[in-house]
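Hello,

Here is the structure I promised to pass on to you. Please open it beside this email, and I will walk you through what turned up.

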Amino acid sequence: FLLRVRDDAQTCPDTETPLTAGQSSMAAVLLKGAECPPDRVKAAAIWVEKAQAGSMQWTSSCSESEIEAHRLRRQLKPITTAVKFSLLLLAVFEIPSYCLSDASKCSSGRPDMHGTKMPVLPFTATHALSAFFYLYLAWYQRLRWKSLESASTRNWWHLAGIILVFVALLDIAVSSFNKTGILPFTSFRISRLLRPPVFLCFTRSLRDEAARVARSIPKYADVFASLAITIVFFTWVGLILFMDNEEGTSYFGNWSKSITSLYILFTTANCPDVFVLAYEKNRMYFLFFFAFLVITLYLLSNVLLASVYNAYKDELKAMVKRHYKNQQGAMKQAFELLADDRGLIGLECWVSFFSVLCDPTLSGGGNLEYSSDRAYNKKRASQVFQTLDRDKNEGLDQREFQLVLDVLHHSDVYIPRKAPPNIPKNALTVFLKNLFSEGVFFGGKRLISWEAFVDCVIVVDVTIVFFQTLAFVNGSGSFDVHALDTGHPWFWALLMFSCFYVATVTLKLAVLGPERFWHISPVRPSFLDRRLAETTGTIVQSTGDVLAAIERRACRQMGIPLARPIRRGAPQVSEPL
């Protein structure tokens, strides 16, 4: 549950840090106390998952079959993503549609047609794979409806996806006897043409984006219509103005040719060719084209761009408001499932709920891999409960419950599901943990973090590689291969850096564990890759002790002082968290 791996905070239940009297009593209760009904706890955990996604598509009165179907959907999510992308990529390895009826049209039979040089699978293999992918998507949609039951909203996206899948399967079935499918008048297979629309209907992020774009169109349709009217008006004027000269014959002979010429001029693709003939006849004709370019290219096109931006921004604002509204509603539903008659979440219920949150199978702490993981999650739940229960009423109210969920939903927070690796306790392991998590200290002051030290090493390594390149390439344009020989100093210099990188990654994996290393400590193949990953937000950053973050925010909101000081070396949490 902690963001930064620390020696005194992320140890197994046999940690060197002793529990307080309150925590010891809580831990005793956790091992033998009664828990909330499992179905209510699982339903509340799903509500929290929906809250993080900004969705209200769930029901508190769900059955066990709905929970199992939802659990299966979540476990199959990576497979479903792979199926959708495989359905699209299948076009790279299958025989083109125009080759099915007449093999002479293929690129191998036509030297003037270039191919991709990719291996082409037999028609039977791609035919079977395509049928399997479509059948899987149809079954997955059926599983979705089964998991939601009464809460399912069969909007037109889902209905369109099912209809398209049915049509594609019909085309595949017919193509077993007729290779051209259900469209005998063309060589294009309808099942192949429907792959992008099916991908769109079965990918929520894409269809939400497409829906926002579609809803924003009416807000800038008037500007788009003004642009079209302007082009038609100048076409009308051009037909009259150039009716008896060479300009009219070449570019303004009729309405179709005139609209095409002016539209291409709007894109500046035929500028200045379109008005050269008129300019040679009379230089005043240029005023016509000048007015057209100023009004359309420099005025209406910029107004259109601004209108599109404002319309899409309004849709994004509405989406954010809807997201947070659904988030609040979903968290309220979760709290009502967990709360007792007092309107509070008791300790046993909170521990069961937290164990389910840390279990991707939604089966509770009993199915975690090791018993130490179950005890570890119970201890973390006890610590969070003690941190939030400042009024000592032995329960969490809705405000306190929402407080911890706000922290968990923060984009910089990741919850490790398993206990840290149980490594031997000695001076070396303690030193490595402190080094990787807190950095280098001297005289009680932090000199540099380990990540910053690795950055410095990478800068030195890149500098050495640069000078090696200068020695590797001589002035004649050829390469000095002796610069890479094992007896050359350049080889040993780079080998030492490679050994340093391997030792760093290996030791951090051993000390922190694969889960914490992957989500907290970024893998750094190069300085540039790390900076690019940080810029794009693909690395989960450490923002400090989440327990301390919850405590700070709770104390600020409740107006009470901190109960314990922030430990040395823990970075300060920013105000938005």
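A word on terms before the tour: helices here are DSSP runs of H or I with at least four residues, strands are DSSP runs of E with at least two, and both are numbered from the N terminus. Please also keep in mind that this is a predicted model.

**The whole protein**

By that count, the protein has 23 helices and two strands. It contains 577 residues, and 40% of them are buried. If you take the contacts with a separation of 6 or more, 71% are between residues 24 or more positions apart.

**Helix α4 and its surroundings**

A good place to start is helix α4, residues 77–93, which packs against helix α6, residues 123–148. Their axes lie 10 Å apart, at an angle of about 150°. Angles over 145 degrees count as roughly antiparallel, and α4 and α6 are therefore roughly antiparallel to each other. Their crossing is left-handed.

If you would like to colour the contact, select I79, T80, V83, K84, S86, L87, L90 and F93 on the α4 side. Their counterparts in α6 are T126, L129, S130, F133, Y134, Y136, L137 and Y140. By type, the residues of this contact are 11 nonpolar, four polar and one charged.

Helix α4 also holds L88. What does L88 contact, once its neighbours within four places in sequence are left aside? The partners are R195, P196 and F199. With R195, the two C-alpha atoms are 6.3 Å apart, although 107 residues separate the pair along the chain. L88 has a relative accessibility of 30%, so it counts as partly exposed.

**Helix α2 against helix α15**

Next, have a look at helix α2 (residues 38–53) where it packs on helix α15 (residues 347–357). Here the axes are 9 Å apart and the angle is about 55°, which makes α2 oblique to α15. The crossing of α2 past α15 is right-handed.

From α2, the residues that make the contact are V41, K42, A44, A45 and V48. From α15, they are S352, F353, V356 and L357. Seven of the contact residues are nonpolar, one is polar and one is charged.

**Helix α18 against helix α20**

Further along come helix α18, residues 427–438, and helix α20, residues 489–512. Their axes come within 10 Å and cross at roughly 105°. An angle from 65 to 115 degrees counts as roughly perpendicular, so α18 is roughly perpendicular to α20.

L432, K433 and F436 of α18 form one side of the contact, with L507, K508 and V511 of α20 on the other. The residues divide into four nonpolar and two charged, with no polar ones.

**T230 in helix α10**

For a single residue inside a helix, try T230, which sits in helix α10, residues 204–241. Is T230 buried or exposed? Its relative accessibility is 14%, so T230 counts as buried. Setting aside neighbours within four places in sequence, its contacts are I295, T296 and L300.

**From the α12–α13 loop into helix α13**

The loop between α12 and α13 has two details to look at. One is P272, which is found in that loop: the peptide bond from C271 to P272 is cis, with omega near 10°. The other is T268, also located between α12 and α13. T268 is not a glycine, yet it has a positive phi of about 65°. At 39% relative accessibility, T268 counts as partly exposed.

After the loop comes helix α13 (residues 273–281), whose buried residues are V274, F275 and A278. Viewed down the axis of α13, these buried residues fall within an arc of 55°, so they line one face of the helix. Which helices are included in what covers them? Among them are α11 (246–251), α12 (255–266) and α14 (286–338).

If you only have a few minutes, I would begin with the α4 and α6 pair, with its left-handed crossing, and then turn to the cis peptide bond from C271 to P272.

Enjoy looking around, and do write back with any questions.

Best wishes

Note on methods:
Residues numbered from 1 in each chain as written. Predicted model: local features only at pLDDT ≥ 70, side-chain atom pairs only at ≥ 80, totals over all residues. Heavy atoms only, no water. Axes fitted to C-alpha atoms, helices over the stretch in contact; angles between N-to-C directions. Parallel < 35°, antiparallel > 145°, perpendicular 65-115°, else oblique. Left-handed = near helix turned anticlockwise from the far one by under 90°. Contact = heavy atoms within 4.5 Å. Nonpolar A, V, L, I, M, F, W, Y, C, P; charged D, E, K, R; others polar. Buried < 20%, exposed > 50% of the residue type's maximum accessible area, 1.4 Å probe, protein only. Arc of directions from axis to C-beta.
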